[in-house]
Amino acid sequence: YKWPLEKLIDDDRAFLKTWKEAYEASRAERLAKLRGAFPQHALTHRAYPQPKEYLGGELFQSYLKRTVPEYTTDSLEGLAYDIRAQSAALFVPPNYDESEPFGVYVEVTAGKRGHLPRRDEAAVYQKHKLIYISPHGAGNSAILSYRMGLALDALATVKAAYHIDSKRCYVGGVSGGGISSTMICFLRPEHFRGAVNVVRGALLEPYTIEKSVKVSGDRGYKEGQTYPPFLPHVKDRHVTLSRRYQDKRWAFVSGEEDYNYEFAKASGPQWTKHGYRAKYFHVPGMGHSAAPSETLDAVLTWMQR
């Protein structure tokens, strides 16, 4: 029920003005605590109550059965961590004010520590109204289930504390974090709309390098090497799966100076060939590094179409 302020007596108008000022001050104080860069933000919520639930779903169970028998046990043990001991790097853009839901970008790193976005990257997340979180401990030395568990728990933590649009949640990473992000989104698609795979690639078919390409570090050059599919157990199911995943997006980013360039570049067309909504983003002269902010902007723009 609405009542014009001018019809109230002076004392009531004065009371409402004081109440509004106090409310706005309290709201501003609360938002100030929610926004900004937090290098060591505690993970407070788990995506699932029990470790075995993280491995649920037909695709994940099929994946576990096709790997070594011990992997199921290792995966469960990898998920039996104490959430109170886990943390992440969190960035909440300054334009977040609770009035509209933001999306979430979960970064899975190749190194042991999560990290905050660069200043130019932070501007991109602000533009796209995305909260960024990167869990610590999800590096290449960890098994997939542990990396996935931390990524899902990071997402659950943000959802518990912020006004979130669940249809705009993405997972991404560079190098080993890139392919892990692709696998996490593929095996647990209910949590993310898309995956951003930078300088790594994820092949659906075997791919043979036909020319000499630079190898990681100072190990020279190689040619004729064949790279296998990243999830061979689904090779006969892509027609069905690509239809099921029509709302998902799969981005791949690389450039000529990246030692993963050949099969990163091949990944996008392979995924498109099999019916997935995928795209390869070429960055001229890019090495084995994070994507430039303008490329990140282009990727996120495409993903949200």
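Visitor: Is Y23 buried, partly exposed or exposed?

Guide: This is a predicted model, and every value discussed here is computed from it. Burial is read from relative accessible area, and Y23, at 41%, counts as partly exposed. The start of the chain offers two further cases: Y1 is exposed, with a relative accessible area of 90%, while W3 is partly exposed at 47%.

Visitor: How should one describe two aromatic rings that lie beside each other?

Guide: A pair of aromatic rings is described by the distance of the centres and the angle of the planes. Searching the whole structure gives 23 aromatic pairs. In one of them, the ring centres of Y1 and W3 are 6.4 Å apart and the planes meet at 25°, so this pair is stacked.

Visitor: Which pair involves Y23, and how are its rings arranged?

Guide: Y23 pairs with W19: the centres are 5.6 Å apart and the planes are at 10°, so these rings are also stacked. Both residues belong to helix α1, which covers residues 10-34. W19 and Y23 are 4 residues apart, about one turn of the helix.

Visitor: What sits over the ring of W3?

Guide: The charged end of K7 sits over that ring, 5.4 Å from its centre. A second example involves R46, whose charged end sits over the ring of Y81 at 4.0 Å from the centre.

Visitor: Where do nonpolar side chains gather?

Guide: In soluble globular proteins, nonpolar side chains tend to be buried together. In this model the largest nonpolar core has 60 residues, and F186, W250 and W271 have the most contacts inside it. Helix α6, residues 144-161, gives the most to this core, with 9 residues. A second, separate core has 22 residues, among them Y105, Y125, A251 and F281.

Visitor: What surrounds W271?

Guide: Leaving aside neighbours within four places in sequence, W271 is in contact with T182, F186, A202, L204, F230, W250, F252, Y276 and A278. W271 also belongs to one aromatic cluster, together with F186, F230, Y245, W250, F252 and Y276.

Visitor: How many residues does helix α9 have, and how far does it reach?

Guide: Helix α9, residues 261-273, has 13 residues and reaches 19 Å from its first C-alpha to its last. That span is close to the 18 Å expected at 1.5 Å a residue. The buried residues of α9 include Y261, F263 and W271, and also E262 and Q270. Just after the helix, G275 takes a positive phi of about 100°.

Visitor: How is a disulfide recognised, and why is there no bond between C169 and C185?

Guide: The test is the distance between two cysteine sulfur atoms, which must be within 2.5 Å. The sulfur of C169 has its closest cysteine sulfur in C185, 11 Å away, which is too far for a bond. Seen from C185, the closest cysteine sulfur is that of C169, again at 11 Å. C169 is buried at 0% relative accessible area, and C185 also counts as buried at 0%. The search of the whole structure finds 0 disulfides.

Visitor: Where is T226 found, and what is it in contact with?

Guide: T226 is found in strand β10, residues 226-227, and counts as partly exposed at 44% relative accessibility. Apart from neighbours within four places in sequence, T226 is in contact with P206, Y207 and T208. Distance along the chain and distance in space can be read together: T226 and G275 are 49 residues apart in sequence and 23 Å apart in space, C-alpha to C-alpha.

Key
Residues are numbered from 1 along each chain as its sequence is written. This is a predicted model: local features need pLDDT of at least 70, side-chain atom pairs count only at pLDDT 80 or more; totals for chains, interfaces and linings use all residues. Side-chain values use heavy atoms; hydrogens and water are left out. Rings of Phe, Tyr and Trp (its six-membered ring) pair if their centres lie within 6.5 Å; planes under 30 degrees apart count as stacked, over 60 as edge-to-face and the rest as tilted. Buried means under 20% relative accessible area, exposed over 50%, partly exposed in between (1.4 Å probe, protein chains only). Helices (H or I, at least four residues) and strands (E, at least two) are DSSP runs, numbered from the N terminus. A charge sits over a ring if NZ of Lys or CZ of Arg is within 6 Å of the ring centre and within 35 degrees of the ring normal. The expected span of a helix is 1.5 Å times one less than its number of residues. A nonpolar core is a set of buried Ala, Val, Leu, Ile, Met, Phe, Trp, Tyr and Cys residues joined through side-chain atoms within 4.5 Å. Contact means heavy atoms within 4.5 Å.
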